[in-house]
Amino acid sequence: MNLFSVEKLSKDYGVRVLFSNLCFGLSRGDKMALVANNGTGKSSLLKIIAGKDVSSSGEVVFRKGIQVGYLSQDSHFDESLSIQQLVDSAQSRVSKLIVEYEKAVAKQTEDFSEINQKKVEELSLLMDQYSAWDYKRRIEQILSKFNIIDLNQKVGDLSGGQKKRLALSLLLIDEADILLLDEPTNHLDVEMIEWLEKYLSQQKITLLMVTHDRYFLENVCNHILELENGQLYHHKGNYSYFLEKREERETNFDVEIQKANKLMKKELEWVRRSPKARTTKSKSRLQSFERIKEKAKSGKKKSDLKLEVKMSRLGGKILELKNIRKSYGDLCILDGFSYTFKKGERIGILGNNGVGKSTFLNILTEKESVDSGKVNVGETIVYGHFSQGGIKLKEDKRVIESLKEIADVVVLANGSKISASQMLEHFMFPPEMQYTYVSKLSGGEKRRLYLLTVLMKNPNFLILDEPTNDMDLLTLTKLEEFLMDFKGCLIIVSHDRYFMDKLSDHMFVFKGDGLIKDFYGNYSEFRELQKEEEKQLKSVEKKKNISIEKTEKRKVSYKEKYEYGELEKEIEQLENEKEELEKSLLNPNLEVDKIVENSKRLSEVVSMIDEKSFRWMELDELM
């Protein structure tokens, strides 16, 4: 049974239709990803389902009592609050339940009536259902997983990435029935992504998400919803299954188009030579011809991202780092790092957030100076630096105008020249979109335009800092194809594990405190080695702990044995007294003074049982 269903949902902005007549549903345990090119309204669809936007037509129907958690790409909080205050004021379903339970217990203590007792029992069952007893511990655990440690820090002092991680933490803490996630892996380092991947794979979690992370799609999703040319295709399987079925569909569609083209040519000859006066039969054939013609023309030519820009010649001397050091106060980024870059190197950079990866890239491009050491840059080096911040495009400019400010023509690899307009078409900006204002572009379209401006400079040393953020899967695939053929030096910082695996064969692993590990291999090979090292370390720790336990094990004294036996008797007596007191409080004829006295004694007995039971368990461990 569906937790919610989308019924004939449409969304348009004036003449631009994002999607039309969408229909699908989500059942408990479904993990569905929405796959589509940028500008097709994926994020808008999530907002509509979350109630943060309105559709042009259609509706979203939820089952009664369903709670929805929504993560947007941009997070907004009251910046005057501390993280702790924000967590306390979040008013999640579980936090509300805990407050309600505490009030019910207090009320029961004052008036141990059957109604109050039943209320506490009902709320206790709900506390069990939502695992609310260890709520505080789970909050601290999830916050720490996303590297949110200082809960006294003001929200206003957090970076955009830290706010995204905080929003994701609060969402997971709440444990809503359905999670709607818009690019959840953005601003997370690889370890965080792997933890989130494992967490969301739990059977009870239901989610609908938009993400470009292909390993995430592969390992988490069991449904892929593909939106293409206004049509919705539902694939019950992971990302690999989706790719297989999409390839089958496109192959079959191409065959149908070829058949329609052949039949159209044959029918066209008949139309041209047949008389103007039509019989009923010939009119029917003419109508059939029009349908065939429409089918033959339905095979739209797909946009292609062709990055065939000319690369500047790379000399013998490229880039040399000699014993460089860089610190910010107590934070050490580089501590005597040396390396000589060679032609055609493809290096991936790994490391947790805040260890200095972006600073390292800025040092390579001489945007930041070092504290000591030397950075020797070859005379032929032409950097192409795609940074996380990007460039500030003028929102009131049209796309074509923004590009012409950089260059009117571009030199291709074969020496020919193309206009800025032609270059935009190569980057999947058709003529009608080239005269769109920059302010109207989606986040992914802006980043694609920024990527174009980087590659127009004919770089031979390409540095890509988180290039996959907000890029759709088509753009990523075509970008990878270009980079596979790129002959210059390539450095990539990315949390996209698939992207890293495909394009890098050598890793710089930033361990923190200025330490950089040089690893020859791709990301997956590094992770396998790391997991094996962690496994060995745990094995050593386990053996060490067993040895300590054996050393610490001692004999139980006669006094402790005696106490152990006496505690069993005392706990049994207190349990009997507790039962008698509870029965007396149910007596409607009991005097008020006696009710107050028995209630007070019941509270004391319960505390004594808890205290003695805890001591009994300690002794039982020794026994």
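This report covers two helix contacts and three single residues in a predicted model.

**Helix α5 against helix α6**

Helix α5 spans residues 135-145. Helix α6 spans residues 160-174. Their axes come within 9 Å of each other and cross at roughly 150°. An angle over 145 degrees counts as roughly antiparallel, so α5 and α6 are roughly antiparallel to each other. The crossing of this pair is right-handed.

Five residue names come from the α5 side: Tyr-135, Arg-138, Ile-139, Ile-142 and Leu-143. They meet Leu-166, Ser-169, Leu-172 and Ile-173 in α6. By class, the residues of this contact divide into 7 nonpolar, 1 polar and 1 charged. Arg counts as charged and Ser as polar.

**Helix α6 against helix α7**

Helix α7 covers residues 190-200. It packs against α6 at an angle of about 20°, with the two axes 13 Å apart. Angles under 35 degrees count as roughly parallel, which makes α6 roughly parallel to α7. The crossing of α6 and α7 is left-handed.

From α6, the contact draws on Arg-165, Leu-168 and Leu-172. From α7, Met-192, Trp-195, Leu-196, Tyr-199 and Leu-200 take part. The contact of α6 with α7 has 7 nonpolar residues, no polar ones and 1 charged. Leu-172 of α6 appears in the contact with α5 and in the contact with α7.

**Three single residues**

The table lists where each residue lies and its relative accessible area.

| Residue | Place | Relative accessible area |
|---|---|---|
| Lys-136 | helix α5 (residues 135-145) | 62%, exposed |
| Asn-147 | loop between α5 and α6 | 42%, partly exposed |
| His-187 | loop between β6 and α7 | 32%, partly exposed |

Why is Lys-136 classed as exposed? The cut-off for exposed is over 50% relative accessible area, and Lys-136 has 62%. Lys-136 and Ile-173 are 37 residues apart in sequence. In space, their C-alpha atoms are 9.6 Å apart. Ile-173 is one of the α6 residues that meet α5.

Asn-147 and His-187 have backbone angles worth a look in the viewer. Phi of Asn-147 is near 60°, a positive value in a residue other than glycine. His-187 is not a glycine, yet its phi is positive too, at about 70°. The loop holding Asn-147 runs between α5 and α6. The loop holding His-187 runs between β6 (178-182) and α7.

Definitions and conventions. Residues numbered from 1 in each chain as written. Predicted model: local features only at pLDDT ≥ 70, side-chain atom pairs only at ≥ 80, totals over all residues. Heavy atoms only, no water. Helix = DSSP H or I, 4+ residues; strand = E, 2+ residues; numbered from the N terminus. Buried < 20%, exposed > 50% of the residue type's maximum accessible area, 1.4 Å probe, protein only. Axes fitted to C-alpha atoms, helices over the stretch in contact; angles between N-to-C directions. Parallel < 35°, antiparallel > 145°, perpendicular 65-115°, else oblique. Left-handed = near helix turned anticlockwise from the far one by under 90°. Contact = heavy atoms within 4.5 Å.
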